[in-house]
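Biologist: I should like to request a close look at a single part of this model, followed outward into its surroundings. Please give the account as one connected answer.

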Amino acid sequence: MFSVNQYAVQIVKEKILPYVEKLNCKVYHLQNGATVIDMGVKAPGGYQAGKLFVEATIAGMGYVEYGRFHLGKIDLPSIDVYIDQPPTACLSTQFSGWKMRTKDIPLYINPIGSGPARAIANNDVFTQAWTYQDVHHETVFGAQTQELPNEQDAQDIADACHIDPSNVYILAARTGSLVGSIQVCSRTVEASISRIQKKGFDISKVISGFGTCPIAPPIYDEVRAMDRVNTALLYGCDVKYLVDCEDSEIEACIDKLPFNASRRFGERFYDLFEEGKHDFYIVDKDIHTVARYEITNLKTGNTFRAGELREDMLEESLFH
């Protein structure tokens, strides 16, 4: 079986590490041998770095590019991700399901991890919801964090993956950086494939997925940054899937998938995040979805749609 970590490490070694200065990033070699690449914590990062962060955390199992998002008066760059084998690329790899070490500091946002290290550790409900399991001696981890990961963070990853910390590569960015905004807003197929499974659809029948989302304007304030990137997903994201099944299987779940089917639709993510005490493991789980879905059935050629975009919610969060 192929190794997602092998693909991801290749991206890091061939496309990121040799060009860190060009990418506006910085490399740190920790005392235990782990490699941390600052792509948006203290380093400025940029569009090239953001694209590579996404490519590495989906382990190269898709195509990532930039586009444009237009809705009424809103005109923003978008991050567009095309993924084959979405359950493996997203549930086993990209999903931000790794709970990192936390600190009891006022207004501190608990860091969360993603990337193909999860496919080895298999230590969260999302990796365990899919059949893929990776075994590899090197790994890549994506950290959404306000602080650069340290030796203990690297050791935690190494221990969970049963490898030496010298074989751990950590990509790190704040949510409020440009790379942070890009990588969170790229979680289009990621957020929706878990929603599809939760609503009873057999995700082994999913062939491919495509998602586009506006890139939320970055901001230093991490709480407001969290609000912006998640508002972009909940009120501005489109996903399109190709599946092979009976039409009745799509009809049974399509109207349950988008955010407008949630009891929290119309609410500001900022308020939901405050309610959850800035912790994604407390925040209402009914928000783990995106704005609009389109599913095409290869078997019949029929296409089903549900959901809506909300210019007013995007305008309030992203520009005020």
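The part chosen is helix α7, and the answer then moves to the regions around it.

Biologist: Which residues of α7 are buried, and which parts of the chain does the salt bridge between aspartate 286 and arginine 195 tie together?

Modeller: The model is a predicted one, and every statement below should be read in that light. Helix α7 spans residues 188-198. Of its 11 residues, 9 are buried, so that the helix is mostly covered under the criterion of less than 20% relative accessible area. The buried residues are Thr188, Val189, Glu190, Ala191, Ser192, Ile193, Ser194, Arg195 and Ile196. Just after the helix, glycine 200 adopts a positive phi of about 100°.

Within α7, arginine 195 deserves particular attention. Its side chain forms a salt bridge with aspartate 286, and the closest N and O atoms are 3.3 Å apart. Aspartate 286 lies in the loop between α10 (269-275) and β11 (292-297), while arginine 195 belongs to α7, so the bridge ties together parts that are 91 residues apart in sequence. Both partners, aspartate 286 and arginine 195, are buried. The pair also belongs to a network of salt bridges that links Arg195, Arg263, Arg264, Glu267, Glu275, Asp284 and Asp286.

The N-terminal end of α7 leads to cysteine 237. This cysteine is located in the loop between α8 (222-236) and β10 (238-243). Cysteine 237 and threonine 188 are separated by 49 residues in sequence, yet their C-alpha atoms are 6.8 Å apart in space. Leaving aside residues up to four places away in sequence, cysteine 237 touches Thr188, Thr212, Cys213, Ala232, Val290, Ala291, Arg292 and Leu309. Its relative accessible area is 0%, which is under the 20% limit, and cysteine 237 is therefore buried.

Arg292, one of the contacts of cysteine 237, leads on to the pairing of β11 with β12. Strands β11 and β12 (residues 303-307) are antiparallel and share 5 bridges. In this pairing, arginine 292 has glycine 307 of β12 as its bridge partner. The two strands form a hairpin with 5 residues between them, and glycine 301 in the turn has a positive phi of about 85°. A further salt bridge joins the side chains of arginine 310 and aspartate 312, with an N to O distance of 2.7 Å. Aspartate 312 has a relative accessible area of 41%, and thus counts as partly exposed.

On the other side of α7 in sequence is helix α6 (residues 178-185), which holds glutamine 183. Glutamine 183 has a relative accessibility of 2% and therefore counts as buried. Apart from residues up to four places away in sequence, glutamine 183 touches Phe53, Val54 and Gln144.

The account now turns to the sheet and its helices. The sheet is open and has 6 strands in the order β1-β2-β8-β7-β6-β5, with mixed pairing. β1 (26-29) and β5 stand at its edges, and each has a single partner strand, so one side of each is left without a neighbour in the sheet. Inside that order, β2 (residues 35-40) and β8 (residues 168-173) run parallel and are joined by 5 bridges. Aspartate 38 stands opposite alanine 172 of β8.

Helix α1 (residues 4-16) lies across β2, β7 (139-144) and β8, and runs at about 75° to β7. α1 also packs with helix α2 (residues 47-57) at an angle of about 155°, their axes being 8 Å apart. α1 is thus roughly antiparallel to α2, because the angle is over 145 degrees. At this contact, Ala8, Ile11, Val12, Lys15 and Ile16 of α1 meet Leu52, Glu55 and Ala56 of α2. The contact residues comprise 6 nonpolar, no polar and 2 charged.

One more salt bridge completes the account, out of the 22 that the structure holds. The side chains of aspartate 156 and arginine 101 meet at 2.5 Å, N to O. Aspartate 156 is in helix α5 (residues 151-161) and arginine 101 is in the loop between β5 (98-99) and β6 (112-114), so that the pair links distant parts of the chain, 55 residues apart. Aspartate 156 is partly exposed, with a relative accessible area of 23%, and arginine 101 is partly exposed as well, at 48%.

Notes:
Residues numbered from 1 in each chain as written. Predicted model: local features only at pLDDT ≥ 70, side-chain atom pairs only at ≥ 80, totals over all residues. Heavy atoms only, no water. Salt bridge = Lys/Arg side-chain N within 4 Å of Asp/Glu carboxyl O. Helix = DSSP H or I, 4+ residues; strand = E, 2+ residues; numbered from the N terminus. Buried < 20%, exposed > 50% of the residue type's maximum accessible area, 1.4 Å probe, protein only. Pairing = 2+ DSSP bridges. Contact = heavy atoms within 4.5 Å. Axes fitted to C-alpha atoms, helices over the stretch in contact; angles between N-to-C directions. Parallel < 35°, antiparallel > 145°, perpendicular 65-115°, else oblique. Nonpolar A, V, L, I, M, F, W, Y, C, P; charged D, E, K, R; others polar.
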